[in-house]
Amino acid sequence: MSPKPLLFCLLFFALSSKAQSNWQEFKKLSSLKKTWVLLHPFKAKKALIVSREASRISDSIRVSSLLDGDFSGGKVDAFRHAFWMALLQQEIGKNSARSLGKAHEKENYQTYKKRKLEDGVVPDQISSEMDLFNNEIGLTLSEKGGKLPKNGLIYRIINAIHQGKLKIIKKDKKGNFLTCDDKVIPKKNLLGKWKNNKCLVNSNYQQ
C-alpha cells in the first residue's frame, strides 16, 4: 500500500468508531495539527478526548474563585496549558504531548498573520512564550500512565500557580497590559504586532 492510503487508513481507525464525524473535525484542523495527527495516528483519539476535557475543566475554573478568571494571559490561561499538557502526558507521553503543544503555538503565529481571534484577542509572541513555558511546567507535574486523580492534578497545578512556578502576562487591576517597568501599554500599540512590550511575570504576581 502506498504511504498516503496507509496514513488515511491509520487515521480512519485511530480517531474512533465515529470515523465520519472525526474526519470532518480533522479537515477543520490547521496543516500543522493535521501533520501531528498523521505522525501520531494511534494517539490522536486520546489527544482529542484529553483536549476537550482540558477545555471543559478550564472553563469551570474560569468561573470559580480558585484563580483570577483571566483566560487571556492570566492565571486561568496558565492553568489551561499546564493542565492540558499534564493530562496529555499521562495519556500519550511527554514527547507526543510536547510536540502537539508546539504545533498549537506555531498555529497561533498563523492565526496572527491571518488576524483571526484566539480567546478574543489576536495571538502575539509573548503569549506564545507564556504558553510554551507553562506547557513545560505541566509536563513536570504528571507522568505517562500516572494514576493521579483528576482533582489531585487540578489542585497540583493550582498550587504551582500560587507558588509562582508558572508565567502570566503583567496587567494592572483594570486589565491593561503593562511593560516590565509598570507602564500601561496603549491598546493601539498592540494592534497588529507580533512583538510588543508586554511583560511575563511569575504566576503569583499580585496586581
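Let's begin with helix α5, which has 18 residues. From its first C-alpha to its last it reaches 25 Å, close to the 26 Å expected at 1.5 Å a residue. Keep in mind as you look around that this is a predicted model. Is α5 largely enclosed or not by the rest of the structure? Of its 18 residues, 17 are buried, so the helix is largely enclosed by the rest of the structure. Just after α5 comes glycine 93, which takes a positive phi of about 95°.

Now look inside α5 for a pair of charged residues. Side chains of opposite charge can pair when their charged atoms come close. Aspartate 77 and arginine 80 form a salt bridge, with their closest N and O atoms 2.9 Å apart. The two residues are three apart in α5, which spans residues 75-92, so about one helical turn separates them. An α-helix has 3.6 residues a turn, so residues three or four places apart point the same way. Buried means under 20% relative accessible area. Aspartate 77 is buried, at 7%, and arginine 80, at 15%, counts as buried too.

Next, move to helix α4, residues 44-62, where a similar arrangement can be found: arginine 56 and glutamate 53 are three residues apart, or about one helical turn. What links them? The answer is a salt bridge whose closest N and O atoms are 2.8 Å apart. How do the two partners sit with respect to the surface? Arginine 56 is partly exposed, with a relative accessible area of 46%, whereas glutamate 53 counts as buried at 19%.The last stop joins two helices. Which residue forms a salt bridge with lysine 33? The partner is glutamate 107, and the closest N and O atoms of the pair are 3.1 Å apart. Lysine 33 belongs to helix α3, residues 31-39, while glutamate 107 belongs to helix α6, residues 94-114, so this pair ties together parts that are 74 residues apart in sequence. Are these two residues buried or exposed? Lysine 33 is buried, with a relative accessible area of 17%, and glutamate 107 counts as buried at 16%.

How many salt bridges does a search of the whole structure find? There are eight, including the one between lysine 33 and glutamate 107 that you have just visited.

Methods
Residues numbered from 1 in each chain as written. Predicted model: local features only at pLDDT ≥ 70, side-chain atom pairs only at ≥ 80, totals over all residues. Heavy atoms only, no water. Salt bridge = Lys/Arg side-chain N within 4 Å of Asp/Glu carboxyl O. Helix = DSSP H or I, 4+ residues; strand = E, 2+ residues; numbered from the N terminus. Buried < 20%, exposed > 50% of the residue type's maximum accessible area, 1.4 Å probe, protein only. Expected span 1.5 Å × (residues − 1).
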